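Reader: I have a structure here that I have not seen before. Could you walk me through it?

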Amino acid sequence: MTDPYIRFDKVSKAFGPLTVVDDLDLDIARGEFVSLLGPSGSGKTTLLMLLAGFEAATKGTVWLDGKRIDRLPPHRRNMGVVFQNYALFPHMTAAENVAFPLQMRGLAKPDIAGKVQRVLDMVQLGRLKERRPGQLSGGQQQRVALARALVFEPNVILMDEPLGALDKQLRMQMQLDIRDLHRRLGLTIVFVTHDQSEALTMSDRIAVFNRGKIEQIGSPEEIYDRPHTRFVADFVGETNLVEATVETTGGSEATVVLSSGKRLTTSTDMALEPRQKVMLSIRPERIRLGETSAANSFSGRIVDCVYHGDHLRVMLDEAAGGLVVKAERSGRAWAPGDEVAVSFTPADCWVVG
Amino acid sequence: MNVALRGRLVGLALVAPLLLFLAGFFVWPLVTMMQGAVSDPIAARTLPTTARATANWDRQSPPTPEMKAALAHDLAALKQDQVVGDLTRRLNSAQSGFRTLMSRTMSAVREQGPDVDLSAVDKRWNDIKFWQPIAEAAASRYTDRYLLAALDMDRDAAGDIVTLPESQSANKAILARTFFVSGLVTLFCIVIGLPYAMLAVSVTGWLRGVLLAAVLLPLWTSLLVRTAAWFILLQDNGLINRGLMALGLIDRPLALIFNRTGVVIAMTHVLLPFMVLPIFSVLLAVPRNLMPAAASLGAPPLRAFWRVLLPLSVRGIVSGSLLVFMAAIGYYITPALIGGPTDQMISYVIAFYATGAANWGMAGALGVILLVATLLLYAVYQRLASDKAMGI
């Protein structure tokens, strides 16, 4: 990235003895949708608060469009923040809430009315503008909060788990709506979430947080298919983690031996040494049952088989590495005790270090 | 049906102690007080014949012999000194001179019987000035003279309501002073209490505990003790004056006691909890992220406070003000101990009439005026505090 729009430069934040953000670097380009993904307490929300100006960094600097902003008070940063519980003003109507940032910027009344109407129409709330937040549903409040953050055309939109309080269906709808807004308006969005599927759905890039540091940053495909660490592989999606020892290496592939003596061909982007202990990540949905492929193929016995509606979850015995397999229901019917062929491609057997 | 009836009876039995308590210690005294403010039965009870004889008198022409005979007849029927005393006091309060007139007339009536000629006993019985109050008092068991007097008004000879000259009474001035001092105390309570409540909400843990305890502890101490403490602190030789002089800020003691300053200081301190606690509980319910939200939307701290936090505190400020103001209106001990003669509030006057002058009519009338004024203010508050101001 040549010209980052937002730059965190060696930023640390400590609350007393507790370091929440630890010497962190992060660049975000203009128009990018970046998700900060991590478990609670990993520092992702704190980083957002540092960007919004609600917290001051203990060390390091924050830059926006080439200007240093970490000393600027929040009301002069021109960032639209959508809070976890929306933080709508309960004593104002939806329209008054949305008009608030425009009034703070001293716009003329007719201009304000026009802009408010346009942005409320955009989030399909034009008819409910005279209602107070207490009279709106969770999803509608969410839209008002979004409209309020968009209406003054801020430099950046910051969202702190904005969809956490919505039910699943509404959440998925809002994910698509926000993604659509991002593309249509060319917004720069920093989105904090602990929901990996949300991050995978919406983001251009995902930064996976763990203990105040970014474990890995990359596109959703990179994060999901080529995780760099065990933590990322485990946190983003579901995976089988298997210990192995490197036997031979060659380019992006390596041959490893499991403790059971099985030999597997794996993919990697790390420089591996023979006899090095590594961890393999094999996604459950990439494992094929009842097929034999050239590379990684062995047989195992089914221990348990759980019905999940759209798929079957098949647990294999220790001889097959105790793998969990997400099997399609359209395939054969499996039953506990069945002897079955297990296989996956080298590309789906990824070394995570 | 039986079950429902029994349920209702059990419910009634449960609230019965409350109802009895309310009736005995709230409703009944209130009714008695209001009745006392308008009842004036003594003359009508003791002078029935006179009442009939003066019923058609125009109150301007000289008293007729029938009126005098009727009065002599009524007076002769009075056997108890207590009743005579009550009647005399009632008549004397309307027209001075009745005390000597009545004692002379009573002894004449008791010596010579009911047929005595009143004009011969005392020339004053020919003066309509002394007949007007008798006719007035005997005509009805109820009167508006106490209520009028409570507002510095009276009826003239023709029965029209007139305002008394300022030298004669000061009830209206004292009532105005009561509302002024109470308003001032309420204002100071808001000025101190609002930031205090905001501070208490913004901190957590033991610090909040300490802040709340600092407000609550005085509340658990007797009002008399707190007022006495201020009495000591505010003296010329008190801690405050000595401290300020030791710091070299003043050369001679500030006048803090026996004046309005002292009363307002002490009352503000005593009533502050009633302002802090409602605001605190209202602010506690305000989401923490509203102020950051306002800041992120471009509001500098003061404007964010003005547009967001203050409107959301209004409900607490209103109920706190109501509590403080209503309590302040009835304050008695603090102004009595710390104030000077010109700082006494309406309760002091009521206490004077009730316990000092034994004039229950005046005490009741002032009480009624105070009650009505309070209810009016409450109604105004209710109107102001309706949906529009607090539609949350």
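**Chains, domains and packing**

Author: Start with the two chains: 19 residues of chain A are in contact with 17 residues of chain B. Keep in mind that this is a predicted model.

Reader: Which elements of chain A supply at least two residues of the side that touches chain B?

Author: Strand S6 (79-82) and helix H2 (94-104) of chain A each do so. The largest share comes from H2(A), with 3 residues.

Reader: And by class, what is on that side of chain A?

Author: The side of chain A that touches chain B has 13 nonpolar residues, along with 3 polar and 3 charged ones.

Reader: Back to H2(A). How does H2(A) pack with H4(A)?

Author: H2(A) and helix H4 (residues 138-150) of chain A have axes 7 Å apart and pack at an angle of about 25°. Because of that angle, H2(A) counts as roughly parallel to H4(A). The crossing of H2(A) past H4(A) is right-handed.

Reader: Which residues meet there?

Author: From H2(A), they are A:Ala94, A:Asn97, A:Val98, A:Phe100 and A:Pro101; from H4(A), they are A:Val144, A:Ala147 and A:Arg148. By class, the contact of H2(A) with H4(A) has 6 nonpolar residues, 1 polar and 1 charged.

Reader: What about H2(A) and H3(A), at what angle do they cross?

Author: Roughly 125°, and the axes of H2(A) and helix H3 (residues 109-122) of chain A come within 9 Å. That angle is why H2(A) is described as oblique to H3(A). The crossing of H2(A) and H3(A) is right-handed.

Reader: Which residues make that contact?

Author: On H2(A), A:Ala94, A:Ala95, A:Val98, A:Ala99, A:Leu102 and A:Gln103 take part, and on H3(A), A:Ile112, A:Lys115, A:Val116, A:Val119 and A:Leu120 do. The residues of the contact of H2(A) with H3(A) are 9 nonpolar, 1 polar and 1 charged.

Reader: New topic, sheets. What is the strand order in the open sheet of 6 strands?

Author: In chain A the order is S6-S7-S8-S3-S9-S10, and the pairing is mixed.

Reader: Why is one side of S6 and of S10 left without a neighbour?

Author: S6 and strand S10 (213-218) of chain A stand at the edges of the sheet and have a single partner strand each, so one side of each has no neighbour in the sheet. From one strand to the next, the twist averages 15°.

Reader: S3 and S9 sit next to each other in that order. In which sense do they pair, parallel or antiparallel?

Author: Strand S3 (residues 33-37) and strand S9 (residues 205-210) of chain A pair in the parallel sense, over 4 bridges. As one pair across them, A:Val34 stands opposite A:Arg205 in S9(A).

Reader: Which strands does H4(A) lie across?

Author: H4(A) lies across S6 and strand S7 (156-160) of chain A, and runs at about 170° to S6(A).

Reader: OK, and S1(A)? How many bridges join S1(A) to S2(A)?

Author: There are 7 bridges between S1(A) and strand S2 (residues 18-28) of chain A, and the two strands run antiparallel. A:Lys13 stands opposite A:Val21 in S2(A). The hairpin of S1(A) and S2(A) has 2 residues between the strands, and A:Gly16 there takes a positive phi near 60°.

Reader: In which sense does S1(A) pair with S4(A)?

Author: Strand S1 (residues 6-15) and strand S4 (residues 59-64) of chain A pair in the antiparallel sense, over 5 bridges. In S4(A), A:Trp63 is opposite A:Arg7, and A:Val62 is the bridge partner of A:Phe8.

Reader: Which residue in S5(A) stands opposite A:Trp63?

Author: A:Arg68 does. S4(A) and strand S5 (residues 67-68) of chain A run antiparallel and are joined by 2 bridges. In their hairpin, which has 2 residues between the strands, A:Asp65 takes a positive phi near 55°.

Reader: Last thing, domains. How is chain A divided?

Author: Into domain 1 (6-226) and domain 2 (238-351). The C-alpha centres of these domains of chain A lie 39 Å apart.

Reader: And what does the assignment give for chain B?

Author: It gives domain 1 (1-39), domain 2 (42-141) and domain 3 (171-390) of chain B. The C-alpha centres of domain 1 and domain 2 of chain B lie 43 Å apart.

Methods. Residues are numbered from 1 along each chain as its sequence is written. Chains are lettered from A and ligands numbered from 1 in the order in which they are written. This is a predicted model: local features need pLDDT of at least 70, side-chain atom pairs count only at pLDDT 80 or more; totals for chains, interfaces and linings use all residues. Two residues are in contact if their C-beta atoms, placed from the backbone, lie within 7 Å. Ala, Val, Leu, Ile, Met, Phe, Trp, Tyr, Cys and Pro count as nonpolar, Asp, Glu, Lys and Arg as charged, and the others, Gly among them, as polar. Two strands pair if DSSP finds at least two bridges between them. Domain bounds come from an automatic or database domain assignment. Axes are lines fitted to C-alpha atoms, for helices over the stretch in contact, and angles run from 0 to 180 degrees between N-to-C directions. Angles under 35 degrees count as roughly parallel, over 145 as roughly antiparallel, 65 to 115 as roughly perpendicular and the rest as oblique. A crossing is left-handed if the near helix is turned anticlockwise from the far one by less than a right angle, and right-handed if clockwise.
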